[in-house]
Structures are given as structure tokens and as C-alpha cells.
Amino acid sequence: MALFLGTFTPSLFGLVTYVMHELWDIVLNIPYFLLTYSGKYQDHLIHPKHFPPLSEQIAQWKTEFFFRMRWWIPLMLLIGCSDDYRASFAFNQEDILDGSAFALPQSIFEVASIVGLTWLIYILFQIGFYWGHKWLHYPWLYQRVHKYHHEYINNNFAGMGTHIHPVEIMLSVFLPTGFSFLVTSLVFGKIPFYAVLFGVFLMTLYHGGDQAGYKNLPWYSTGCATHDRQ
């Protein structure tokens, strides 16, 4: 796979997708923290007796944030040094620093292209995530790796979607993400900034709504009841 082969050049480019993920993680979890603060929809909680107070949720979310920093940043720095990985994108480190990467699309065609590429990235990610997650539910890997993620199965709350073991980071985050970017760029050419940004948003969206501790909310019908049965 080109993502892990070829030449390497020192670069901070790998931090781009890490920062995107963290920003979307904050944006997607804030509504659920506010929901807890408001006290509304308590009858939609999966495990109301075990649902922690807001202060405990935020404290645990901070713990998860710093845990991810210890593991994700070194890995993303390494992956971002791959010339093949950076070649997948239509922007580079300099474009981000000088702001040119954030230029808005200038035509309907460019907008349609970004929308199409965004959904393709997400679909390919879901294919990779499905198989990575399937492997993690085999007994040997589940007991040694994935069980860590299900520690909060009886009191899921906002931010726990990324409570995952470092090995799981590779199997269900980095490999599917790299796969989605690589295939998209091989088929359609270099990926523009906004397709990456919103592609990462869709990847992160699952971890917000599906594992926030609620079920059958008016704006999100699935909830973590499905996740709790896994």
C-alpha cells in the first residue's frame, strides 16, 4: 500500500487531518454536553441510572483528548512524512500556512466535485472501518484490544466514541482513512481541501451521535442502543 511505502520527507502535514478530527470531535460533542446540561430528553437515555453528570463527562473527555495526543500525533507525523500520502492531496503544508488551501470553490462544477469526493471518501472509509471493526470483534482481538472501547458500554456519553486502544487506532481509524484517501486520489486525482475537511467530518459524525448515551432523539434515531448490542 503506497501509504506505507516509498520515500519520506520531514513534514508537519500529517497534523492537518489530526487537527480536523479534533475540531470536528469538539463541534459534534458540544451539543450533547449542552443536552446533558439542559436536562432535556432524559427519557431517551440508554442507561439513565449510570449516566454520569456533566462535570464527570467533561473530565473524562479531557482525559481522552490527551490520550489521543500521545498516540495520534506521533503516528500522524510519521504518516504525514510519506511523500505518497501527501501526493494524494491538492494542497500542501505551505498552502495551509499562507491560506490558499482555504480558497472557496469558484464554480458549481467545483462544488459538485467536492460533494462527490466527500461522499466517496466517506463510503470508502466505511468499507475499511467495517472490516477493521469486524476483525476487532474476533475473540482474540476483542479481549486484548477492542474490549477497552466497550468499558463504557453501560454509561456511554459524549466523547467516548474515541475511547479506543492504540492498536484499534491503526485498524479502525488510520488504515481506513488512508485507504479512502489513497483510492480516491488514484481514481480521481488530487483531493481538494474541503473534500478532506468534510470527509473527516462524516467519519467523525458516527462517533458523536451513535455513542453519546441517547436513543431515538428527534434529530438522530439510532443512538448508541445499536452500539451497546455489539
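Does Arg68 count as buried or exposed, and what is its relative accessibility? In this predicted model, Arg68 counts as buried, at 0% relative accessibility.

**View 1. Arg68 and Glu22 meet through their side chains in a salt bridge.** The N to O distance of this pair is 2.7 Å. The contact links distant parts of the chain, since Arg68 belongs to helix H2 (residues 54–80) and Glu22 to helix H1 (residues 15–38), with their positions 46 residues apart in the numbering. Glu22 is buried as well, with a relative accessible area of 5%, which lies under the 20% limit used for that word.

**View 2. Arg68 also forms a salt bridge with Asp25.** Here the closest N and O atoms are 3.4 Å apart, and the pair again links distant parts of the chain, with Asp25 in helix H1 and Arg68 in helix H2, 43 residues apart. Asp25 counts as buried, at 4% relative accessibility.

**View 3. Asp83 and Arg86 form a salt bridge within helix H3.** The closest N and O atoms of this pair are 2.6 Å apart, and both residues lie in helix H3 (residues 83–86), where they are three residues apart, or about one turn of the helix. Asp83 is partly exposed, its relative accessible area being 21%.

**View 4. Glu22, Asp25 and Arg68 are joined into one network.** The network arises from salt bridges that share partners, and a search of the whole structure finds three salt bridges. In general, side chains of opposite charge can pair when their charged atoms come close.

Technical notes:
Residues numbered from 1 in each chain as written. Predicted model: local features only at pLDDT ≥ 70, side-chain atom pairs only at ≥ 80, totals over all residues. Heavy atoms only, no water. Salt bridge = Lys/Arg side-chain N within 4 Å of Asp/Glu carboxyl O. Helix = DSSP H or I, 4+ residues; strand = E, 2+ residues; numbered from the N terminus. Buried < 20%, exposed > 50% of the residue type's maximum accessible area, 1.4 Å probe, protein only.
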